[in-house]
Amino acid sequence: MLFRSWAQTADAHWPDVARVPDHVGVAHLVVTRHALVRQVLTDPVTYRPDNALDAVTPVPVSALRVLAGHRFRLPPTLANNGGASHPAIRAIVAEALHPTRVAAQLPWLTGLVRERVGRIDAALDGGAPVDLHAELAADLPLLVLARLVELPDAPVGAVKEFARAALELFWAPLDGGRQQALAAEVGRFHRVLREFAATGGGLAGTLRAAGHPPDVLVGALFFLLVAGQETTSQFLTLLLHRLAGEPTVLAGLRDGTVAVADVVEEGLRLEPPIVTWRRVAAVDTTLGGTAVPAGTSIVLWLARAGRDPVTVDAPDEFRPGQRGSRRHLAFGAGAHRCVGDQLARTEAAVVVAEAAPLLDGVTVIRRPWCPDNLTFRMPDAFVVRRR
Ligand code: HEM
């Protein structure tokens, strides 16, 4: 269950807090209720973020050697940093992603999406099948991110491969051979980041000027290149796929009775690209009546919390604007709440506004397939054809 939590049927009963062994025998405490997930996220003293980027399948010595060969290190920087340096690093990253800087990208972003939609529309008109993930969603967030944050000069394909390798290495159930291959991929790109961090400007330069050590610069860039683009491209694909099966919502978008922003929020609630997120208990405590010993790995089921009947009227239905729709925890909560939320929302809003009309009258040829993963959905493709 742990690696396909998003595939759980809507009516599957889950206790508020459940102990679940994973494939390597480690017991995780899975938390499902909105109030409890929120309680953990917003209490960084009792529940620390230190394990956020720990490999869920322990990395064997052979793969650790590969990583060490690339001088790979991932010190506490952003999501996994419960220490004193976190607020200052976060503030610099938040400045780079400030809503006014994001809003300034809107005309360019709209133009790019419109151009892509035009091309896709023509292909669909000609009877061709189109992969909306590849043609629209996959690289878009990276292109936007590169306009906000100075990034190493690497081909888009190389960044995407690295990011997906990182998501697999840290969050998937794996065997040793695969871990070694992924370690090589991730290690190679880490080297690129290290070289860029030494001299790069923009965010890297600001962090350097503020006195943060090179490891922190690399850690911040690493996290941004993974979480700051892969999440959003996954979300765009999942949302488009969901909308293809929601004719009433498409009709509402068409006649203006459904707001794009409400569609995005309902999408985040029902199709979050990050299904779970982790914390670790810092002390012996109790959660929802369950004893939690210090050191327990806590898996916060963000997707399930978004479907908690206590917070939302029709938990499993895609009803934009319904009561509780915006109370999802797709971006986390508290001191580590996502700093890219406005960016992700903006990108999704543009894609919904421009691309939803493409979904009218299409047949889904291939729905997104998602690999086993504790946290990320990682859809691979979404192919449609016009009827
Ligand atoms: C739909 C897209 C996205 C989703 C669902 C998402 C979700 C999340 C979640 C669940 C967390 C952990 C929050 C916590 O621990 O409470 C997080 C943290 C973070 N996200 Fe996002 N994210 C998305 C897009 C982005 C984008 C576009 C960026 C930047 C370009 C970004 C940058 C970050 C950063 C830097 C953190 C760490 C914040 C900290 O520890 O202070 N994310 N995100």
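These legends accompany views of a predicted model of a protein chain.

**Figure 1. Overall fold of the protein chain, with 16 helices and ten strands.** The radius of gyration is 21 Å, close to the 21 Å that the globule rule gives for 387 residues, so the chain is as compact as a globular protein of that length. Taken along the principal axes, the box filled by the C-alpha atoms is roughly 55 × 50 × 40 Å.

**Figure 2. Burial and contacts in the protein chain.** Of the 387 residues, 45% count as buried. Among contacts between residues at least 6 apart in sequence, 75% join residues at least 24 apart.

**Figure 3. Close-up of Arg 71 in the loop between helix 2 and helix 3.** Helix 2 spans residues 61-69 and helix 3 spans residues 86-96, with Arg 71 in the loop between them. The phi angle of Arg 71 is near 55°, a positive value in a residue other than glycine. Arg 71 has 12 C-beta neighbours inside 10 Å and therefore counts as exposed, the cut-off for this class being 12 or fewer.

**Figure 4. Close-up of Met 378 in the loop between strand 9 and strand 10.** The flanking strands cover residues 362-366 (strand 9) and 383-386 (strand 10). Met 378 is not a glycine, yet its phi is positive, at about 50°. Met 378 is buried because 22 other C-beta atoms lie within 10 Å, where 20 or more are required.

**Figure 5. Arg 71 and Met 378 shown as a pair of loop residues with positive phi.** Arg 71 is exposed, whereas Met 378 is buried. The loop holding Arg 71 lies between two helices, and the loop holding Met 378 lies between two strands.

Notes: Residues are numbered from 1 along each chain as its sequence is written. This is a predicted model: local features need pLDDT of at least 70, side-chain atom pairs count only at pLDDT 80 or more; totals for chains, interfaces and linings use all residues. Helices (H or I, at least four residues) and strands (E, at least two) are DSSP runs, numbered from the N terminus. The radius of gyration is taken over C-alpha atoms; the globule rule is 2.2 Å times the number of residues to the power 0.38. Two residues are in contact if their C-beta atoms, placed from the backbone, lie within 7 Å.
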